[in-house]
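Biologist: Could you take a close look at the salt bridges for me, and at how the helices around them pack? I'd like one connected walk-through, with the cut-offs spelled out.

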Amino acid sequence: MMKENRKVLLISPSKILAAGFEGIFKDHGGFALEGVLTDLSRSSEVRLKNMNADVILVDPVLFDYSSRISGPAYLSEISDASIVVIQTSYLEEEVLKQYGAAVGLYEDPAMILNKLKTLAGTGKRTELADRNGLSVREKEILVCVAKGMINKEIADKYCISVHTVMTHRKNITKKTGIKTVAGLTLYALLNNLIDYRIDEP
């Protein structure tokens, strides 16, 4: 029996990018470009929710300076797909860390496919969770807690409600079994989510 291709959704206004990825997937197999969104409007959000994609390829041009870090988290709230950035230009390390992986325009197609296969090994984002099952967003919240941020500050940083932050914190406590900020900070250190120079400028 032929293995079903994993579904890829591309979010980019570039027809050239769409044609390029579609060609790579057709030539090499394993993935299929199931849809293309040219923006992140309300109608696009509805399509994104309804499409059961395994991987979302994102053109960072869609995010302005203020949303370049929160943008991937926004997509993660809508979809369970692995979020991959297309490096069309230089991206700061802090921005790259918000994505499951990055693929470059000048990379060999086989290398791009290997990255996507590794990331979409289960078809969903479970590979981005750590051994205690923390999601990407929960790790982000954990890092903020370890840095001493209060719920309101975390909510503002990720453009989510304080209630959502509290829910994430409850889930983190449930999954790790750690109830104190000091304990969570140590957990973050031991799992390389932060380093001991966290308070340095």
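Modeller: Sure. The structure holds 5 salt bridges, where a salt bridge is a side-chain nitrogen of Lys or Arg within 4 Å of a carboxyl oxygen of Asp or Glu. Before the details, keep in mind that this is a predicted model, in which local features need pLDDT of at least 70, side-chain atom pairs count only at pLDDT 80 or more, and totals for chains, interfaces and linings use all residues. Residues are numbered from 1 along each chain as its sequence is written, and side-chain values use heavy atoms, with hydrogens and water left out.

Let's begin with the pair that links two helices. Lys-175 forms a salt bridge with Glu-138, and their closest N and O atoms are 2.8 Å apart. Lys-175 sits in helix H8 and Glu-138 in helix H6, so this pair ties together parts that are 37 residues apart in sequence. (Helices are DSSP runs of H or I with at least four residues, strands are E runs of at least two, and both are numbered from the N terminus.) The two ends have their own surroundings: Glu-138 is buried, with a relative accessible area of 4%, while Lys-175 counts as partly exposed at 32%. Here buried means under 20% relative accessible area, exposed means over 50%, and partly exposed is in between, using a 1.4 Å probe and protein chains only.

Now the helices that carry this pair. The axes of H6 (residues 136-146) and H8 (residues 162-176) come within 10 Å and cross at roughly 95°; axes are lines fitted to C-alpha atoms, for helices over the stretch in contact, and angles run from 0 to 180 degrees between N-to-C directions. That makes H6 roughly perpendicular to H8, given that 65 to 115 degrees counts as roughly perpendicular, under 35 as roughly parallel, over 145 as roughly antiparallel and the rest as oblique. On the H6 side, the contact (heavy atoms within 4.5 Å) is made by Arg-137, Glu-138, Ile-141, Leu-142 and Val-145. From H8 come His-168, Arg-169, Asn-171, Ile-172 and Lys-175. So both salt-bridge partners, Glu-138 and Lys-175, belong to this contact. Its residues divide into 4 nonpolar, 2 polar and 4 charged, where Ala, Val, Leu, Ile, Met, Phe, Trp, Tyr, Cys and Pro count as nonpolar, Asp, Glu, Lys and Arg as charged, and the others, Gly among them, as polar.

H8 also packs against helix H7 (residues 151-158), at an angle of about 110° with the axes 8 Å apart. H7 and H8 are therefore roughly perpendicular to each other. Asn-151, Lys-152, Ile-154 and Ala-155 of H7 meet Val-162, Val-165, Met-166 and Arg-169 of H8, a set that divides into 5 nonpolar, 1 polar and 2 charged.

Lys-152 has a salt bridge too: its side chain meets that of Asp-156, at 2.9 Å from N to O. Both lie in H7, 4 residues apart, about one turn of the helix. Lys-152 counts as partly exposed at 47% relative accessibility, and Asp-156 as partly exposed at 48%.

Helix H1 (residues 15-28) holds a pair with that spacing: Glu-22 and Lys-26 are 4 residues apart, separated by about one helical turn. Their side chains meet in a salt bridge at 3.8 Å, N to O. Glu-22 is partly exposed at 34%, whereas Lys-26 counts as exposed at 63%.
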